[in-house]
Amino acid sequence: MNTPPHSFGKSVFELMSSMRFAISLLSILAIASIIGTVLKQAEPYNNYLIQLGPFWFEVYEKLGLYDVYQAAWFLLILAFLIVSVSVCITRNAPNFAREMKSFREHVTEQSLNAFKHKHEAATAHPPEALAASAQRYLEGQGYKVKNLPREGGVLLAAKAGSWNRLGYFLAHSSIVMILIGGLMDGNLIFKVQQILGYKIIETRDIPQSQVPAISRLTPSNPSFRGSVQIPEGSSADVAFLNVADGYLVQELPFTVGLKQFRIEHYTTGQPKSFESDLELFDHTGKKIREATIAVNHPLIHDGVAIYQASFADGGTRLTLRGWNLFSPSSEYFDVAGSVHQNTELTSAAGKYTIEFTDFRPFNIENMGGEVQPAGDTMSVLGGSPVSDKKHLRNVGPSFQYKLRDARGQALEFSNYMLPLELDGRWYLMSGVRGSPNDAFRYMRMPLDAGGDIDSFMRLRGVLLNAALRPEIAARFARQALPENAWNTEIEAKLKFSATQVLALFAEGGFQSLGKFIEDKVPAAEGEKAAGTYLRILELTAFEALQIANRQNGLPPPKVDDATGWLVRDTLNSMSDMFVYGAPVYLQLAQYDEVKASGLQLTRSPGKNVVYFGSLLLTLGVFFMLYVRERRVWLRIKPGHALLAMSSAKHTIDFEKEFLRHTQALDTLAK
Amino acid sequence: MELALNQPAPLLKRLSWFDWLFSAIVAVGGLYTLSRFGEYMDIYEKGILLTAIPAISVFGWFWKPFRVLFIVVGAISLFSISQYQGNLARMEEAFFLKYLISSQAAIMWMCALFSLATLSYWAGLLSRSEFTLKTASILTWSAVTLGFIGLMVRWYESYLIGADVGHIPVSNLYEVFVLFCLITAMMYLYYEALYKTRQLGALVLLVITAAVGFILWYTFDRGAHEIQPLVPALKSWWMKLHVPANFIGYGSFSLSAMLGVGYLLADRGILASRLPKQEVIDDMMYKSIAIGFAFFTIATILGAMWAAEAWGGYWSWDPKETWALIVWLNYAAWLHIRLVKGLRGPMLAWWAVIGLFVTTFAFLGVNMFLSGLHSYGTL
């Protein structure tokens with residue numbers, strides 16, 4: 001026996017429409033999707049290069065793993081899925097439509113007898129009478145019934161739940177619709193243009209207006225999803241689309257202007273809302289529309305939806321005081337700059353470029369320890385759900401910048417404008433770090449009674465001034481020794497020691513002192529020597545403060561705790577100066593804030609297709625899962641009735657229903 | 001004669017006076033809320049409230065015990081709210097609030113009752129004691145009641161913290177874990193009554209106890225029970241629909257996984273004489289996955305529509321979205337195999353069990369290991 005050979009086309013059709021093929025595609029789709037959740041998508045290519053190394057970077061790039069969901073092979077799986085599901089529908093739909101309509105009235109008594117679910121009953125009623133009452137019963141149960149005369153009696157053919165088949169049709173065509181809608185909103189058109197060489201991704205960091213036409217998309221582009229940052233008082237007529245390791249410029253059909261960007265806060269300091277007041281203009285400059293957008297409240301104009309996506313600094317103007325940390329004077333110089341711009345700095349310490357990167361008007365910091373729930377009922381319950389956030393405080397504005405030296409090396413700084421209270425005393429904080437992955441290390445500069453760092457800066461200046469050292473040492477020796485030891489060898493020794501300590505400290509802070517002790521003092525006496533040196537340093541620093549005050553025409557410092565701490569903190573801070581990494585500290589004196597709003601602009605013609613598909617999907621799923629298709633036949637002959645029932649799914653509910661029908665037949669037949 | 005045929009009576013004739021009383025209470029409550037607080041709601045929230053009235057009514061008619069649950073939870077929650085007298089500090093002073101029905105007290109009681117219920121189910125299963133099993137059901141019902149009271153009162157407490165802080169308690173991992181326990185337990189209780197079998201409670205309550213363990217750890221170790229104001233992205237009426245729909249999905253998938261465990265145990269002859277027949281477990285498992293799948297589909301669609309409004313695209317291949325898709329594909333395949341191929345047996349049970357791991361990863365793992373837009377509950 002030879003089976004007729006299948007044509008190739010038919011085999012392909014068979015394969016495509018088989019459920020095994022569809023399930024395999026779904027599995028591959030699921031696995032491919034996982035890749036994109038494990039490997040962070042659409043990062044700058046440099047990050048991948050660092051993470052993977054040059055070899056694997058290349059391999060991953062070839063496989064399109066940096067943007068899996070737009071990779072050609074991924075789209076191919078989706079295309080296959082569309083074809084597979086479509087073929088499945090075309091194959092089954094005619095059959096299903098026939099099944100939905102059909103009562104299967106051609107069943108023979110013989111075939112009914114072969115049913116697994118059948119029931120016979122003897123009856124005294126004439127066939128027509130029994131048929132009529134059974135029909136009423138079945139209709140009451142939600143069946144559609146056809147009464148057919150048959151040889152020597154009647155055949156009732158009944159069906160219910162035909163919509164189950166409709167559900168199949170809806171659910172599967174909805175998948176095709178959703179996929180097509182999704183592809184409409186994807187970047188297929190660009191991909192084709194890229195392959196044909198009509199469009200190229202721009203990778204250079206150049207002003208938008210200089211991007212050539214080959215990397216620009218016209219306003220008629222049917223679908224895009226781009227973003228743009230607009231400073232307050234400015235406008236934009238393009239958006240940027242991130243593609244692979246570069247970008248494209250999408251020209252917009254209108255111009256968006258930002259009047260104002262606002263952040264509102266809860267009393268606890270967390271952000272409550274982000275809002276932008278926008279103005280839209282046409283290309284002649286005429287205002288078309290004015291609207292406020294917020295998160296969850298986009299503006300839709302001309303098929304383009306505008307979303308509040310992010311915010312940033314829009315070029316806040318900063319007025320700064322520059323302190324030359326290693327100069328023996330306490331003079332500052334003025335510096336001006338704007339965020340996102342650079343300022344050249346030529347100082348005694350060398351040539352630097354300040355790259356201002358950010359400004360933050362608020363900084364909410366956790367200023368206290370965790371409060372443990374008290375030892376009563378509340379602690380058994382885990383404490384009150386009302387959070388005690390009193391230790392969260394707004395510590396005021398800060399700004400960030402990079403200081404790049406002549407060799408191109410840069411450190412990043414973050415300076416607060418207002419002082420912070422730490423351990424009961426107030427300091428100005430300046431943070432520094434070498435790379436964005438590190439945490440900031442902070443140098444804290446003590447405030448004086450007037451709330452300024454001026455005293456610190458003056459004392460620092462005097463301590464670094466080598467010319468003043470003999471005077472400081474002399475004052476210190478006189479203070480430390482009883483009058484009868486003045487002008488003796490002891491005084492000379494003490495002066496020498498004090499000068500040496502000051503010189504060592506001015507060279508490298510506590511580290512130099514420590515190193516000196518390590519090198520020159522026997523290990524056994526190291527600790528004692530360190531104590532002595534520290535004492536000398538503090539006392540000489542106090543004398544230095546006297547001189548600093550005198551030089552600036554101020555009254556001599558009080559001998560109290562506050563002065564003691566000022567001196568100690570100054571010494572600590574100066575010691576930190578040597579590892580601060582920059583010769584300049586920039587203090588924020590004034591600012592004029594300019595905010596920028598990050599907008600996302602989207603045109604997605606496939607959205608409604610997807611939504612309509614989703615609606616069909618929901619209906620389809622419910623029909624498929626909750627409408628059970630059942631058929632009942634009742635063949636009635638004089639004195640005898642045969643009931644048979646069938647369903648595609650033999651569930652417990654089906655068994656129960658069959659039992660109910662058999663009992664009904666018995667009752668009716670009596 | 002008609003009665004003997006078990007003909008279904010028209011819906012309205014089947015309703016008892018209690019059904020009508022229930023609906024009246026729901027309608028009066030809903031309309032009062034609308035008139036009292038309508039000025040603070042937007043049009044969508046009003047729509048949700050008005051749709052909830054018939055939806056809750058019909059659900060109560062469909063599942064009768066829900067009527068009692070609804071009324072008891074409502075009454076006790078209102079009592080609790082009245083005890084506050086508009087003052088949060090009363091939480092630590094008023095007797096009822098301090099020990100029973102402030103949100104945190106009620107939720108801790110829920111945790112305790114679920115744990116007791118688990119023990120009782122196991123004791124009843126092992127000793128074949130119908131009485132103990134019945135006690136376990138009652139404990140589970142009590143836990144559900146207190147859990148709902150906890151969430152209701154928490155909702156009110158959040159408004160006492162600040163009018164702008166107040167929000168429905170489905171906004172962070174702590175709150176949705178409570179919701180998960182409640183939904184899973186309610187679905188189980190429904191099937192327990194439908195199939196007239198209590199033995200499976202021993203298995204199902206295990207997954208709830210695991211969630212309770214998480215809630216306790218999360219509370220005591222991380223202080224996650226503190227009410228936090230909403231981040232701007234979550235300030236939307238979509239949250240009221242998207243999150244609960246999702247948790248009906250998660251809850252029923254977890255339920256089906258535990259039923260799968262029961263099926264596999266029975267298949268190996270472990271506890272077989274104590275557990276219900278395999279075909280009953282199988283039927284429950286199918287029904288649970290079916291309802292879960294339907295709601296998960298809706299939840300994902302609602303999520304996509306919300307994303308279109310909040311993030312500027314209905315699908316961003318964000319890790320959470322992608323994993324939701326994977327979960328959806330997983331159960332879609334399960335249903336295809338079962339419905340089209342008609343396959344039954346241990347293979348599908350295993351699959352349902354493995355499904356729990358996929359679901360758990362989508363629900364928790366994504367928050368722990370992957371970063372993305374959906375970073376509302378971090379560990």
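Where in chain A is the place of R216(A)? R216(A) sits in strand 4, which spans residues 216-217 of chain A. The model is a predicted one.

Start with the surroundings of this arginine. Its relative accessibility is 14%. Buried means under 20%, so R216(A) counts as buried. Leaving aside residues up to four places away in sequence, R216(A) touches K199(A), Q208(A), S209(A) and V211(A). R216(A) also touches V238(A), V249(A) and E251(A). V211(A) deserves a second look. Its backbone oxygen lies 3.2 Å from a polar atom of the R216(A) side chain.

Now turn to the aromatic rings. Over all chains, the count comes to 68 aromatic pairs. One of them joins Y401(A) and F413(A). Why is this pair called stacked? The ring centres are 5.2 Å apart and the planes meet at 15°, so the pair is stacked; planes under 30 degrees apart count that way. The pair links distant parts of the chain. Y401(A) belongs to strand 18 (residues 398-405) of chain A. F413(A) belongs to strand 19 (residues 410-416) of chain A, and the two residues are 12 apart. Both Y401(A) and F413(A) are buried.

Chain B has an aromatic cluster. Its members include F177(B), F180(B), F214(B), W217(B) and Y218(B). F247(B), Y250(B), F253(B), F296(B), Y331(B) and F363(B) belong to this cluster too.

Finally, look at arginines over ring faces in chain A. R165(A) lies over the face of F96(A), at 4.8 Å from the ring centre. R444(A) lies over the face of Y427(A), at 4.6 Å from the ring centre.

How values were computed
Residues numbered from 1 in each chain as written. Chains lettered and ligands numbered in written order. Predicted model: local features only at pLDDT ≥ 70, side-chain atom pairs only at ≥ 80, totals over all residues. Heavy atoms only, no water. Helix = DSSP H or I, 4+ residues; strand = E, 2+ residues; numbered from the N terminus. Buried < 20%, exposed > 50% of the residue type's maximum accessible area, 1.4 Å probe, protein only. Polar contact = N/O pair within 3.5 Å; in protein donor to acceptor, adjacent residues only side chain to side chain. Contact = heavy atoms within 4.5 Å. Phe/Tyr/Trp six-rings, centres within 6.5 Å; stacked < 30°, edge-to-face > 60°. Lys NZ or Arg CZ within 6 Å of the ring centre and 35° of its normal.
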